[in-house]
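Q: I should like to learn how the features of a structural model are read, one at a time. Where may we begin?

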Amino acid sequence: HCANGDNVCNILDGTCSMGGCESGWTGSNCQEACDGSYGADCGTTCGQCYLGQACDRFDGTCPTGQSYLCEPGHRGNKCEQGCSADTYGHDCLETCGWCMEGSTCNAASGTCESGCQPPWDLALCKEILAEVIEHPQDLSLPLAQPATFTCVSRGEPLPTLTWYHGDEVVSGGDSITIHTTRNSSLHTITSSLAISSVRREDNGQYACKP
């Protein structure tokens, strides 16, 4: 498998004295197939193929038909290219989270090594810990008057809020209405609990929890 052209192997020992080997072959007599490398004389090392598999010994492309083509942090049909800015993972298919301004995530793991932009703080800076940022205010009302409590929580994914009267879960009913508004851009959810006509048994502490 001496390289194409006028080059021929030595008739005594079979070595390719000029021009080296054809693509996919190596060794003094060009009879050894590339392993972990490709091209003429197997002179180019394979890229980061998925699960460390060897590339095609002729053109360097990584094996197809699997979950991914490349190991994390690499892309391209030869897996020789690193991820572009703000991407990571196998084949660079994932988008980085909200890393600190001016920085990007680790191309392999997706972690923001410089930290997260507030309020992002969980799971590769892609989640916000759910918390109540506005609690219901105290009310003092005569009997038979309407009452409304409002609660605001922030989190990503947007949390689900549950209302409590003391230790008891409050559900909507004949005299109680619960209305919820979601704001995806602010990562907030606002919930209002309205009592149409206050009774003595409605007295107590009202709270919402994500």
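A: Let us begin with the contacts of a single residue. The model shown is predicted. In it, aspartate 202 touches His165, Ile195 and Ser197, with residues up to four places away in sequence not counted.

Q: Where does aspartate 202 lie, and is aspartate 202 buried or exposed?

A: Aspartate 202 is placed in the loop between E14 and E15. Its relative accessible area is 9%, and the limit for a buried residue is under 20%, so aspartate 202 counts as buried.

Q: Which polar atom of the backbone lies 2.8 Å from the side chain of aspartate 202?

A: The backbone nitrogen of arginine 199 lies at that distance from a polar atom of the aspartate 202 side chain. The side chains of these two residues, arginine 199 and aspartate 202, also meet in a salt bridge, at 3.3 Å from N to O.

Q: Which residues are joined with aspartate 202 into one network by salt bridges that share partners?

A: Such a network is read by following a shared partner. Arg199, Glu201 and Asp202 are joined in this way. Arginine 199 forms a salt bridge with glutamate 201, whose closest N and O atoms are 3.5 Å apart. Arginine 199 is partly exposed, at 39% relative accessibility, whereas aspartate 202 is buried.

Q: How many salt bridges are there by this rule, and which residue forms one with glutamate 131?

A: The count comes to three. Glutamate 131 forms a salt bridge with arginine 154, and the closest N and O atoms are 3.3 Å apart. This pair links distant parts of the chain: glutamate 131 belongs to strand E9 (residues 128-134) and arginine 154 to strand E10, with their positions 23 residues apart in sequence. Glutamate 131 has a relative accessible area of 37% and is partly exposed; arginine 154, at 24%, is likewise classed as partly exposed.

Q: What is to be said of the loop between E9 and E10, where proline 142 has its place?

A: Proline 142, in that loop, counts as exposed, with 52% relative accessibility. A comparison of sequence and space can also be made here. Proline 142 and aspartate 56 are 86 residues apart in sequence, and their C-alpha atoms are 82 Å apart.

Q: How is the nonpolar core to be read, and which of its members touch the most others?

A: In soluble globular proteins, nonpolar side chains tend to be buried together. In this model, the largest nonpolar core has 14 residues, of which Phe149, Cys151, Trp163, Leu193, Ile195, Tyr206 and Cys208 touch the most other members. Strands E10 (147-156), E14 (188-195) and E15 (206-209) are the elements that give two or more residues to this core. For leucine 193, residues up to four places away in sequence are again left out, and its contacts include Phe149, Trp163, Val170, Ile176, Ile178 and Tyr206.

Q: In what order do the three strands of the open sheet stand, and why is one side of E12 and of E15 left without a neighbour in the sheet?

A: The order is E12-E11-E15, with antiparallel pairing. Strand E12 (168-170) and E15 are at the edges and have a single partner strand each, so one side of each lacks a neighbour in the sheet. From one strand to the next, the twist averages 40 degrees.

Q: Which residue stands opposite tyrosine 164?

A: Tyrosine 164 faces valine 169 of E12 as its opposite residue. Strand E11 (residues 162-165) and E12 pair in the antiparallel sense over three bridges.

Terms used:
Residues are numbered from 1 along each chain as its sequence is written. This is a predicted model: local features need pLDDT of at least 70, side-chain atom pairs count only at pLDDT 80 or more; totals for chains, interfaces and linings use all residues. Side-chain values use heavy atoms; hydrogens and water are left out. A nonpolar core is a set of buried Ala, Val, Leu, Ile, Met, Phe, Trp, Tyr and Cys residues joined through side-chain atoms within 4.5 Å. Buried means under 20% relative accessible area, exposed over 50%, partly exposed in between (1.4 Å probe, protein chains only). Helices (H or I, at least four residues) and strands (E, at least two) are DSSP runs, numbered from the N terminus. Contact means heavy atoms within 4.5 Å. Two strands pair if DSSP finds at least two bridges between them. Axes are lines fitted to C-alpha atoms, for helices over the stretch in contact, and angles run from 0 to 180 degrees between N-to-C directions. A salt bridge is a side-chain nitrogen of Lys or Arg within 4 Å of a carboxyl oxygen of Asp or Glu. A polar contact is a pair of N or O atoms within 3.5 Å; within protein, one must be able to donate a hydrogen and the other to accept it, and residues adjacent in sequence count only if both atoms are side-chain atoms.
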